[in-house]
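Reader: Please take a close look at the backbone of this model, at the places where phi or omega is out of the ordinary.

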Amino acid sequence: MILVEAASRSQRAYDAQLIFAAQLAARGHHVAIDAAGLPADLDRGRTYEAAPFLVDPEDLAVTALILLGADEIEDRVLAALRDRALGPEVPVLATGRFADHQAYLGARGKIAYALGREPRVIDLGESQPRPLIARAITPLVAARAPRPRPLGRVPMLTVALGGSALDAPGALARLAQMAGRATFGFQLIANAGQKDLIKASRYHDLPVVTFTELSPVTLAAGTDVFAVYGQGVPGERMAALATCLMAAGGVVIDCTEDRAFLSQGAPVLRGPEDPAALEPYLTDAVFVNLAQIGAQMAASPWVAAADIARLETAAGLAPPPAAPMLAPAAPTRPRRTLFLPTNGVGLGHAQRCTVIADALPEGETAAFAAFPSCVPMIQRRGYDCLPLVQKSEAHPEPYANDVLTYLRLGRTLAPGDRLVFDGGYVFDSIFRTVLERDLPAVWIRRGLWPQGSSSDIALDRERIFARVIVPTEAFPELNDAYGVGPRIHPVGPVLRMGQRADADRAGLRERLADRFARPFDRLVISMLGGGVASDRTAQLQAIAGMLAPRPDVLHLVVVWPGANVPSGLYAWPNTRVVQTFEALSLCLAADLVISAAGYNSVHEILYHRIPAVLIPQSAPYLDDQTRRAQALAERGLAEMIEEADLMRLDRVLADCLDGGAAERFRTALAAVDLPAPGAGQAARLIAETGGDA
Amino acid sequence: MAAAFDATGARGPRLAYVIDPRFAGGTSAAVAAELRVAAGMGRVTVHARRSAMFGADHQVAPALREVLDELGLPLVWDAPEIAAELVILHNPAFLKFQPEFGGRILARHLVVVAHENFLRPGGVEGFDVGACLARIDRASLALRKSIAPVSAHNRATVETWLAANPAALRWDVLDSDWFNICDMAPVPPTDAPRDRRGRHSRPGFEKFPALADLDRCFPPHAEANVILGADMLIAAQVVRPHWTMLPFRSVEVEAYFGMIDFLVYFTAPTWRESFGRVIAEALAAGKVVLTDPDTGAAFGPGVLACTPAEVDAAIARLVADPAAYRAQAARGQAVLAGFSTGEFATRLAALIAGVARGRAA
């Protein structure tokens, strides 16, 4: 592995390591960064960026070492270099921008003393006499591989905002206007403060990332035109983005006040300083000549001088393989669709994904990556499942588990695979993986979110998905429209369909009576959910208590295997706890189901015409269960009880078991007109996404 | 120019020393020792230059300060003009971080004492020699300009560098080495040598070989392994229970020599001592010195030239044979005689005589 080191310890130096490591990895090299040098205060974006390259010191098998920024070399770095005791067969290349020959000799000598042999030292100032950043630690080189432009159906514009870009009145409105154009794609790069400002504004769905949220290599790979505002070149990351883009035949437009790119001789276009003038300039002068301008940029001597191949040769690196990957490529195998459901409150996302996976056309291969609570269910349904790590308060960072998800996805996905994500919040791991690997991705996204910032973020990230499949609710008033556009595809409700044969039902009831040694006339199922969302102990205890005086009733509390069960439930005479993935079978055999109002349970109740009492959960980060339950209750299809209204629950249960409520529900359910289930349509949309579409 | 050299011969020629007096190591010690000699041969002026290498303060190395006080010599800081029959500039590397010398030098003979090797092992420049010499050249007007190597190895690097840089041909090389005066009082070697090993140096990376070689030089079975100047090893948290690691200058050198019988001195293979004052001090202290052939070249048979892998056997042999140990120590102290004040005075006198001849002519 190629170890990328920096000659000093600073955020700027670590950025240089990250950028260059990503560039080498994109060229197909196996790259490492010593995990011992991970800064303690690394921000979130850089943590993800570093993760694929981090290797513990004892696991490093260095075949080449590249030391960046050798013009400012620190003793502690020299000490670390000395400790590595690299063999003479390991090439060592140091890069720097040396003020004079003495600086070069001094740095070279220091490294030679620590190393015990001579390094190869490259003075970047010789090949880049006018770099975009005068003392950049990042080599500011790039792979010269022009790509056809535009990359997609329309050109992708990336705009880096200057520090005062949003101060002008109407600035955001103008940006939003550009973002709304169908003739080009659009994304912003802004500082953290600007991003917060955007997210807090009415323009919160503007696609924006911070300067450190994604690698410049990733940003360049998804950009056709890069327009830069502000004063000066905005840091090494943006300089690296511009260099990568130019070498790949993209277009850089210098809109800086001081013409920072042009003044360094870079082959960029001079753009308008006023953002209001950018769009007509792009439309009239750039987009129409995109391929020609890009080709000229890529062929310029300035870009030739920044060819990464020179450093590769100097470092003695073998020619890179043809297929670039961020991490070691997965073994060659047929393309597959990887479903990644979040686990949310229960297993609803995972269950929905298995229903859709079951409906995939012949020849499509599905696999899963899921959190531990979902893995047994998924495997039981016949799918391979990569286990992910659950979020935990024991982790040093709240996103630590997601960094692992990011790594595991990177090692699992092969070029051409599809990723199908089912969840409300698009994790950073998903966001980065899709962008970095240019994966065809599908988002299965349901609505009914309470208003809040997390939904804003989720929608902002919608743009990374080729398709958004929205499993609708059965009733129109529940189908909030969170977005429209060609990528959004509503489908009918996605739910698991069971067979309801009377003989099966009777047989199951007999087996239950035998299993629990308790003959019964009426079967009541409670499945109130719970999980991380809310504690349903009080409700379950109340129901068990209300049913206890009824010897003809068998009350089954149904939970997922592994769920926490309140110990008090075991004390009731006719209440039993069943841990199963086959709740639907039990519900089909029940006389009454008391259920939370999650999407899956409600639709299974509806489509299987099961009399039910719904007790919606109301945790703030869940979908709006109360609205869903109300929709059924208002149509006389079920009863709804508020979580705390246990007094009423007693009456409702009595009405269902002793009165005619259950029968009323059954009659109404039999008559209700429901939309066709959407699993098949969702599966077809997924199968059409990607290269073979 | 004429006025500058109008001194009368009766009071001796004018000798000007040019140095950045803030060098902490061998350069200042060497200049201090030779000032005592030079002061008896002419009218000595000591010019201090504040080079960019050490910043703007006026500190003076203690060894140099002591001699200046003793001899009553003023230290002239940053004079715009330095004029003397013989101008001796010590260690041109002090100019490596600045664009110009920053003054004028008028001399019949300008001697630049190299001190540092022009080339490192393998032939890479030790510093920007061409730039430093050019700065001196541009600032000086002299009938003759010479480079004075401090040892045979140093001479080899100077001559090799000059051969590869024709633009510097105006510089000649003095025939005799401008060695460091080693007038330390000799201490008799022990009659009962033990396997007590040590090394001392400044704590720079260049002064230490690879850790594997240090392990070979200082093994667990040695009675003592004392490393003075081990700051780098301490900082790197190198753990060797059988090593006594002492920070630089944490004990007096005399006390340190009392702890060892053998100096085992190897450096990074990419660096060489230009003279090896650390070796001279150990020889004067009656110790047997083991070092690599290149580093030990200046001391000839006075040191045992070997590799780290050969150290153990050599020490075992001398511990088992105290007479051989004493003989080796004696050879070392005999070599030091060649670096005496008297020998240096002879060479300096010859140089001054040459300048005088030039003036007469």
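Author: What follows goes through three backbone sites, after a few words on chain A.

This is a predicted model, in which local features need pLDDT of at least 70, side-chain atom pairs count only at pLDDT 80 or more, and totals for chains, interfaces and linings use all residues. Residues are numbered from 1 along each chain as its sequence is written, while chains are lettered from A and ligands numbered from 1 in the order in which they are written.

Chain A has 26 helices and 25 strands; helices (H or I, at least four residues) and strands (E, at least two) are DSSP runs, numbered from the N terminus. The C-alpha trace of chain A spans about 95 × 60 × 45 Å along its principal axes. Of its 693 residues, 49% are buried. A residue is buried if 20 or more other C-beta atoms lie within 10 Å of its own, exposed if 12 or fewer, and partly exposed in between, with C-beta atoms placed from the backbone.

Most residues other than glycine have a negative phi, and most peptide bonds are trans. In chain A, the bond between Arg149(A) and Pro150(A) is cis, with omega about -5°. Pro150(A) sits in the loop that runs from helix 5 (124-127) to strand 7 (156-160) of chain A.

The other two sites are in loops of chain B. Asp78(B), not a glycine, has a positive phi of about 50°. Its loop lies between strand 3 (75-77) and strand 4 (81-90) of chain B. Asp78(B) counts as exposed because it has 12 C-beta neighbours inside 10 Å.

Asn91(B) is likewise not a glycine and has a positive phi, about 60°. Asn91(B) belongs to the loop between strand 4 and strand 5 (104-113) of chain B. With 25 other C-beta atoms within 10 Å, Asn91(B) is buried.
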